[in-house]
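Trainee: I've got the model open and a few things I'd like to go through with you. Shall we take it piece by piece?

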Amino acid sequence: MKYVDEFRDRAVVATLAERIKQTVSRPWTIMEVCGGQTHSIVRFGLDELLPKGLTLVHGPGCPVCVTPVSLIDDAVRLARQPGVILCSFGDMLRVPGSQGDLFGAKAERADVRIIYSPLDALELARATPNREVVCFAVGFETTAPPWAMAVVQAKTMGLTNFSLLVAHVLVPPAIEAILSSPQNRIQGFLAAGHVCTVMGYEEYESIALRYRVPIVVTGFEPVDVLEGIAMVVNQLEEGRAVVENQYVRSVSREGNRQAQAVVDEVFEPSSRIWRGIGEIPRSGLRIKSAYAEFDAAARFRDVLARYGPAAQEHPECQSGLVLQGLLKPPDCPAFGTRCTPERPLGAPMVSSEGACAAYYRYRRAGAG
Amino acid sequence: MIMMDDQSFELACPLPMSDKKTVQLAHGGGGRLMRELIQEVFVRTFDNPLLAPLHDGATWPVERGTLAFTTDSYVVRPLFFPGGDIGRLAVHGTVNDLAMCGAKPLYLSAGFILEEGLSVDVLRQVVKSMAEAARAAGVSIVTGDTKVVDRGKGDGIFINTAGVGLVPDGVHISPQSVRPGDAILVSGDLGSHGVAVLSVREGLSFAGEVQSDSAPLHGVVEDLIGSGVETHCLRDLTRGGLASALNEIGEAAGVGIVIDEAAIPILDPVRGACELLGLDPLYVANEGRFVAIVPSSQVEPALAVMRRHAVSGRAALIGSVTDRPLPPVVLQTVVGTTRILDLLSGEQLPRIC
């Protein structure tokens with residue numbers, strides 16, 4: 001299959017792995033930002049092909065994982081409101097809040113629907129004018145444009161029963177938060193190819209410059225990931241720290257201007273709490289006041305205000321350390337014992353892009 | 001032997017069933033309307049001498065040998081999908097469960113739970129489809145039951161079928177017969193049924209060309225056994241797909257299984273749809289595919305027999321059995337590394353981006 005098979009070619013993978021081995025002269029630590037890359041690495045066992053001194057740590061790039069408990073609780077509460085249809089992408093439904101997950105709410109007769117595209121939710125709102133269609137809009141810069149487009153279309157169509165509970169987050173502020181932490185040990189980054197397809201990579205250039213860290217925009221297939229690693233390693237060995245683009249078949253420096261424009265039309269940056277990590281300034285998106293009628297947080301303010309202060313993470317869950325690359329999932333004492341996909345303590349164990357889920361699924365003890 | 005699944009039979013009775021166009025609660029109430037429904041929709045269409053007496057159960061004389069007995073319930077949305085419908089599925093699923101025991105399928109029961117308001121035409125279509133599938137598979141539907149539930153309490157039609165089959169003497173197909181060194185064969189390309197159903201249920205136009213693989217498998221199984229291929233274990237790859245089936249076999253047999261990702265046949269449209277949605281085709285449901293576990297010396301004859309049948313024309317060798325039971329299944333990836341192929345916690349969910 002085109003665009004897949006050539007990027008999973010065994011001989012090319014072996015050649016790239018060998019090239020990395022030849023280049024590395026001392027230990028380096030590289031973070032892949034995106035959960036999609038983490039899954040590719042663990043699913044294809046790419047880390048096993050790397051020389052011993054080269055360490056990959058997994059980043060915060062799983063939107064499901066970093067959505068705060070309080071927002072999941074809000075989604076569950078809204079789903080339980082009479083007359084509300086709560087729409088969500090599938091992998092959000094198993095993520096535990098403090099009041100259970102959306103699957104639990106669905107089992108208790110809340111109307112929770114899995115959608116494949118924001119346009120599905122828009123169509124649902126049009127077709128059911130007597131119901132409130134609330135969409136749990138979760139994601140990075142990649143999914144922000146379709147949600148923004150849905151809001152613009154809802155306004156054009158004159159819909160009055162369509163709103164978003166926005167949990168959108170942005171990658172560059174998270175990279176900066178990691179780099180400015182005193183515990184940081186990351187020396188190079190694989191930036192997320194799909195986020196950069198939308199946003200381009202200009203904004204990463206100042207980060208590379210200020211923190212003297214190589215950043216390589218990287219795709220998701222095994223050949224992409226290894227090539228991205230090879231490019232970071234080259235820079236580290238040569239003492240360079242610039243932004244380079246491995247994912248040229250999808251990413252340009254300026255990104256998709258049209259997609260950026262629609263995001264700017266509807267959303268503006270805001271402070272955001274990242275689950276397990278804490279608050280990062282200007283790291284999230286919220287709906288602009290011109291579109292306030294489509295903001296579920298405003299629309300249902302009275303409903304949500306009835307509940308007490310925001311809930312906290314399960315005390316035993318160390319997902320914050322995992323998401324910052326400070327702890328490998330199998331090194332967590334709860335991994336695979338008190339925390340499993342059936343009974344998760346935190347989101348990374350159930351999200352399809354979560355690091356803990358990747359290790360649980362592909363790499364448990366006794367494997368290989 | 002040639003599969004007959006493409007042959008069609010005109011069995012529907014032209015007589016209208018009373019004057020009702022939709023199923024009503026009274027159709028399950030035990031009175032005259034129910035009798036009309038049973039007579040005009042089920043009995044005429046399933047038409048066979050064991051069903052005709054309309055007794056509380058069917059009876060038949062017993063041959064020597066070993067009986068196989070299985071049951072399964074069918075709840076699919078939508079009821080009709082590319083390459084099949086709930087009726088075909090309800091016959092093929094149970095016929096295939098019997099075939100996986102090495103049995104020749106003989107008789108099926110059919111229990112219907114109908115939702116009030118269901119179109120009688122839809123019911124007729126499903127029943128006709130069941131009759132065609134049963135006839136093509138050489139089985140008779142000899143007893144049944146109908147219940148009607150309130151509107152909103154069902155999904156149109158739920159069907160349960162149970163089946164009885166006869167296992168020939170000397171056939172011992174089970175995980176306990178699996179030995180280290182055995183070969184793992186798969187009967188064809190994987191994932192088409194799950195993707196076909198998903199594509200119509202969710203309106204995914206990019207997967208529109210994919211057809212369900214729903215088909216009866218007893219013909220090829222009978223041929224495998226009849227040709228003298230020493231068949232240790234068979235398993236159809238329904239819910240949970242190849243990955244779940246191999247895990248179940250590995251655990252039950254106390255052996256390990258190693259499979260080669262590159263050798264597993266998957267059609268490009270199915271791969272493409274799965275890549276887009278973040279689904280792994282190795283966990284996607286099939287309704288006309290199975291794995292056969294045979295001694296390594298029997299690989300060539302087994303593949304030759306399987307490839308004689310349309311339903312298993314793309315049969316392939318995908319792996320082997322080892323004496324290391326943990327983890328039960330290891331996958332050699334296309335890039336040359338290895339990882340475990342685990343059971344999933346629940347259903348696969350489409351991803352965000």
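Mentor: Sure, and keep in mind that this is a predicted model.

Trainee: Let's start in chain B. In which sense do strand β7 and strand β11 of chain B pair?

Mentor: Look at residues 183-186 for β7(B) and residues 316-322 for β11(B). Four bridges link the two strands, and one of them puts B:Ile184 opposite B:Gly319. The pairing sense is antiparallel.

Trainee: And β9(B), residues 256-260, pairs with β11(B) as well. Which residue of β11(B) is the bridge partner of B:Val258?

Mentor: That pairing is antiparallel too, over four bridges. Follow β9(B) to B:Val258 and step across to β11(B). The partner there is B:Ser320.

Trainee: Which residue does a cis peptide bond join to B:Leu326, and where does that residue lie?

Mentor: Omega of that bond is about -10 degrees, and the residue joined to B:Leu326 is B:Pro327. As for its place, B:Pro327 sits between β11 and β12 (329-332) of chain B, in the loop. Another cis bond runs from B:Arg77 to B:Pro78, with omega near 0 degrees; B:Pro78 is in the loop between β1 (66-74) and β2 (80-81) of chain B. So, for your bond, cis by its omega of about -10 degrees, the name is B:Pro327.

Trainee: Over to chain A. Phi of A:Tyr3 is positive, about 70 degrees, though it isn't a glycine. Is A:Tyr3 buried or exposed?

Mentor: A:Tyr3 belongs to the segment before α1 (10-23) of chain A. Count C-beta neighbours inside 10 Å and you get 12. The cut-off for exposed is 12 or fewer, so A:Tyr3 counts as exposed.

Trainee: A:Arg282, in strand β11 of chain A, has a positive phi near 50 degrees. How does A:Arg282 count for exposure?

Mentor: Its C-beta neighbours inside 10 Å number 14. Buried needs 20 or more and exposed 12 or fewer, so A:Arg282 counts as partly exposed.

Trainee: Which strands stand at the edges of the open sheet in chain A?

Mentor: The order of its four strands is β4-β3-β5-β6, with parallel pairing. An edge strand has a single partner, so one side of it is left without a neighbour in the sheet; that describes β4 (111-114) and β6 (162-168) of chain A.

Trainee: Which helix packs on that sheet, touching β3, β5 and β6 of chain A?

Mentor: Its direction makes about 170 degrees with that of β5(A). Don't confuse it with α7(A), which lies across β5 and β6 of chain A at about 160 degrees to β6(A). The one you want spans residues 118-127 of chain A: helix α6.

Conventions: Residues are numbered from 1 along each chain as its sequence is written. Chains are lettered from A and ligands numbered from 1 in the order in which they are written. This is a predicted model: local features need pLDDT of at least 70, side-chain atom pairs count only at pLDDT 80 or more; totals for chains, interfaces and linings use all residues. Two strands pair if DSSP finds at least two bridges between them. Two residues are in contact if their C-beta atoms, placed from the backbone, lie within 7 Å. Axes are lines fitted to C-alpha atoms, for helices over the stretch in contact, and angles run from 0 to 180 degrees between N-to-C directions.
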